[in-house]
Amino acid sequence: MEIKKEGESVNEFGDGVAWYRGAMVGKGSFGCVYLATLKNQKLNYSYFPSVMAVKSAEVSNSGSIQKEREVLNNIKGCPYIIRCFGDETTTGKNGAMVYNLLLEYGSGGTLAQRIDKFGCKGLSEFEVRNHTRSMLRGLNYIHTIGYVHCDMKPDNVLLVPNYSKGSSTEFNAKIGDLGLAKREKNQSKKRRLEPYWRGTPMYLSPEAVSDNVQECPADIWALGCIVLEMLTGKPPWDREEDNAEDVLTKIGGGHEMPRIPDNLSKEAKDFLKCCFVRNPRYRWTAEMLLTHPFVDGLIDDEGVEQPQEVEDINVIDSILLVTESDDEFAYYSEDWSKDDSSGYWSEEDYEDIEDEMASYFAEEGLFKVEKSITVISSTIDSIGGSDHINDPSVEVPSGSPSNNSPKCPLSFTIPAGV
């Protein structure tokens, strides 16, 4: 993500009442992201930090940003999700009205930038475990409230400085870019018949590609892709040609799975297999994965901010400011070289794990099939935005369903082979 030098044309959208617009730090189909600082640092603006990230677009093109504002207003109080400080309208140089969303600034950049820094050797497993646990806590919160993120990828995970004393982790991961998020099971029958999905092709789940279904299990598949990318430094799907259609064919057809390297730890490989279950009904939930040995037992950080009380999205009224726009999705061109040391998760492994899950659900009377929902496609780029908030434990309401996957006892473990 390119940062413009000071003095360049970065103030075309105007300043806010209490803040100055600084350099541009990101740009996407939704608009632009700028750094912002308070006009008077000596005054006590209790609601604004000294530095923020401001996502801006002309009002006529701000549908995605206003949708993100609505989602963040309903999903608040979780230290593993980007905070929103409100919105504001400014006047640009050309006289146009500009919509601005005030967000936390993540000085550590995005997880994608962190992965690129280390190249093909990937991040240390200790760091991956910590980031994975943070993402799981954020996803569990989002799902319990009644939303699906729909665009989980490294570019949309922000790294926030860890200010807790004695912490061994330099940055904490925080989920951002919720402009494509949707309420779970909230689409009309007509919409379900449309061949559309949200997000980035590389991180789509099999059911999203083949059946146009994106519910909470789709976020878990995407999480597995992110974890694999952190561990290997490579995208989840290797290919020789820059043709996204090849990736969609691999994801949607057959039983081919992302490559899981043999040199990973037993816990890491088992965790990935729990995410890469092609049938979403048997895929582990975020709540279940939080008990997996790969992330369970990590030392929590001290000095964390307690989450605010939240309400279930299913029992509160929410006003959508604008209608959702049908942005075109984007294909990404990357260097996806093949790793000969990687091994495939065989079709036999997949069938064994699915049979065991199906048998367990049938015996316990937990199996329940629900109709899935399809959604509109678009792509949103990442932003830089976060603060110094981190929390070892997020309390979420227990009365609402987290997703359409069957609930299993948290102590249940799937025996998975290499």
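A salt bridge here is a side-chain nitrogen of Lys or Arg within 4 Å of a carboxyl oxygen of Asp or Glu. The model is predicted, so local features need pLDDT of at least 70, side-chain atom pairs count only at pLDDT 80 or more, and totals for chains, interfaces and linings use all residues. Residues are numbered from 1 along each chain as its sequence is written, and side-chain values use heavy atoms, with hydrogens and water left out.

**Exercise 1. Find the salt-bridge partners of Glu 104, and place each residue.**

Step 1. Start with Lys 174. The closest N and O atoms of Glu 104 and Lys 174 are 2.5 Å apart, and the pair forms a salt bridge. Glu 104 sits in the loop between strand 5 and helix 2, and Lys 174 in strand 8, so the bridge ties together parts 70 residues apart in sequence. Helices (H or I, at least four residues) and strands (E, at least two) are DSSP runs, numbered from the N terminus.

Step 2. Turn to Arg 83. Its salt bridge with Glu 104 has its closest N and O atoms 3.9 Å apart. Arg 83 lies in the loop between helix 1 (63-74) and strand 4 (84-91), while Glu 104 follows strand 5 (97-103) in the loop that leads to helix 2 (111-118), so this pair ties together parts 21 residues apart in sequence.

Step 3. Check burial. Buried means under 20% relative accessible area, exposed over 50%, and partly exposed in between (1.4 Å probe, protein chains only). Glu 104 has 0% relative accessibility, so this residue counts as buried. Lys 174, at 1%, is buried. Arg 83, at 26%, is partly exposed.

**Exercise 2. Describe the network that links Lys 55, Glu 68 and Asp 177.**

Step 1. Count first. The whole structure holds eight salt bridges. One of them joins Asp 177 to Lys 55, with the closest N and O atoms 3.1 Å apart. The two residues are 122 residues apart: Asp 177 is in the loop between strand 8 (171-175) and strand 9 (182-183), Lys 55 in strand 3 (residues 51-58).

Step 2. Add Glu 68. Salt bridges link Lys 55, Glu 68 and Asp 177 in a network. The side chains of Lys 55 and Glu 68 also make a polar contact of 2.7 Å. A polar contact is a pair of N or O atoms within 3.5 Å; within protein, one must be able to donate a hydrogen and the other to accept it, and residues adjacent in sequence count only if both atoms are side-chain atoms.

Step 3. Check burial. Asp 177 is buried at 0% relative accessibility. Lys 55 is buried at 1%.

Step 4. Consult the record. An unreviewed UniProt entry annotates Lys 55 as "binding site". UniProt positions are given in the numbering used here, feature names are shortened, and annotations may be inferred rather than shown by experiment.

**Exercise 3. Compare the span of helix 6 with the expected value.**

Step 1. Helix 6 (residues 216-232) has 17 residues. The expected span is 1.5 Å times one less than the number of residues. That gives 24 Å for helix 6.

Step 2. From first C-alpha to last, helix 6 reaches 25 Å, close to expectation.

Step 3. Check its cover: 17 of its 17 residues are buried. Just after helix 6, Gly 233 takes a positive phi of about 75 degrees.
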